[in-house]
Amino acid sequence: MSERGRTTSPSALARAVPAQASESPVGQTRVLIVEDEPALLRALRIDLRARGYEVHTAARGQEALDQAARWPPDAVLLDLGLPDRDGTEVIRELRTWSNVPVIVLSGRSAAQDKIVALDAGADDYVTKPFAMDELLARLRAALRREDAVRPATAVTIGRTQVNLAAHTVVRHPDADAGADGDGQDELVHLTPTEWRLLEILLRSPGQLVPSSRLLAQVWGPGFEHNAHYLRFHMARLRRKLEEDPPRPRHLLTEPGMGYRYQP
């Protein structure tokens, strides 16, 4: 059987062969698959990994939310009929702190089911059974749309340049220091927690990021009320990155709401 004709039959997917040479690899693009049917979950995992995707899986809604918070994916493939909660509830909760593309995979074909899922925040809706080629094409399209709105990997904050891809922070010498300065670039060290906070803010330039979203994505569900964590680590980030930490120009606090990166 040709690859174009394959559908989501678990047995067919389990026998899937690696992608054709014309299909370029996708590096470390991370996909979270949320599906409670073991055979289909395993088959999708095998097929996507064969194409170079880094794959994590979940069989329940709460497990999916925990995974998304601790291991932020680049895309989510989500079944609606989960054992602990409906998939639309998962989408709504996910949308309170993440803009990750969500593609629904569901046996529900009624127009109203699609409308409800899309209104909840899904980016696309694929009805089971589906051709694997169609799912891959929709996944690539969702990732392209996400890349189109994603900011540059290199961001300048005052005299400091942050490279998200290389995970480096370099502070350039002060031009006004004259002969008193050593004229050398300085490598700034950030802790993993500081990196995660900074990355979330830099990927939403000019936008308010709620404190609850930052806490959930960095520390996980259940930490939404630990605002003192944010105050401590944001103060450290300002001391490392801002020219005048007590009066920041880029890493701003919105009292009672959250934080904002202002380019």
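Pro129 lies in the loop between strand 5 (124-127) and helix 6 (132-149). The peptide bond that leads into Pro129 from Lys128 is cis, with omega near -10 degrees. Most peptide bonds are trans. The model described here is predicted.

The chain as a whole comes next. The chain holds 9 helices and 12 strands. It has 263 residues, of which 43% count as buried. Its accessible surface comes to about 13200 Å². Carbon and sulfur atoms account for 50% of that surface. Contacts across the sequence were also examined. Among those between residues at least 6 apart in sequence, 59% join residues at least 24 apart.

Buried nonpolar residues form separate cores. The largest nonpolar core has 25 residues. Within this core, the residues with the most contacts are Val162, Leu198, Leu202, Leu214 and Leu237. At least two residues of the core come from each of strand 6 (154-157), helix 7 (192-202), helix 8 (211-219), helix 9 (227-241) and strand 12 (258-261). Helix 7 gives the most, with 6 residues. A second, separate core has 24 residues, among them Val34, Ala64, Leu94 and Ala122.

Helix 7 deserves a closer look. This helix is mostly covered, with 9 of its 11 residues buried. The buried residues of helix 7 include Leu197, Leu198, Ile200, Leu201 and Leu202. Trp195 is buried as well. So are the charged residues: Glu194, Arg196 and Glu199 are buried in helix 7. Leu198 and Leu202, both buried in this helix, are also among the residues with the most contacts inside the largest core.

The search for enclosed space gave a short result. Rolling a probe the size of a water molecule over the atoms shows where empty space is left. The count comes to 1 cavity of 30 Å³ or more. The largest cavity has a volume of about 50 Å³. Two or more lining residues come from each of strand 1 (30-34), helix 3 (61-70), strand 3 (75-79) and helix 4 (87-94). Helix 3 supplies the largest share of the lining, 3 residues. The lining consists of Leu32, Val34, Ala64, Leu65, Ala68, Val76, Leu78, Val90 and Leu94. In character, these residues divide into 9 nonpolar, no polar and no charged. Val34, Ala64 and Leu94 line the cavity and also belong to the second core.

Two loop positions were examined in turn. Asp86 is found in the loop between strand 3 and helix 4. Asp86 counts as partly exposed because its relative accessibility is 23%, a value between the limits of 20% and 50%. Beyond residues up to four places away in sequence, Asp86 touches Leu80 and Arg108. The C-alpha atom of Asp86 is separated by 7.5 Å from that of Gly61. These two residues, Asp86 and Gly61, are 25 residues apart along the chain.

Gly107 has its place in the loop between strand 4 (102-106) and helix 5 (111-120). The relative accessible area of Gly107 is 54%, so this glycine is exposed; the cut-off for exposed is over 50%. The C-alpha atoms of Gly107 and Asp79 are separated by 8.5 Å. Along the chain, Gly107 and Asp79 are 28 residues apart.

Notes. Residues numbered from 1 in each chain as written. Predicted model: local features only at pLDDT ≥ 70, side-chain atom pairs only at ≥ 80, totals over all residues. Heavy atoms only, no water. 1 Å grid on protein atoms, 1.4 Å probe; cavity = no way out; pocket = protein on both sides within 12 Å on 5 of 7 lines; lining within 4 Å. Points joined across faces, edges and corners; volume = space filled by probe spheres on them. Helix = DSSP H or I, 4+ residues; strand = E, 2+ residues; numbered from the N terminus. Core = buried A, V, L, I, M, F, W, Y, C linked by side-chain atoms within 4.5 Å. Buried < 20%, exposed > 50% of the residue type's maximum accessible area, 1.4 Å probe, protein only. Contact = heavy atoms within 4.5 Å. Areas by Shrake-Rupley, 256 points an atom, 1.4 Å probe, with all protein chains shown as cover.
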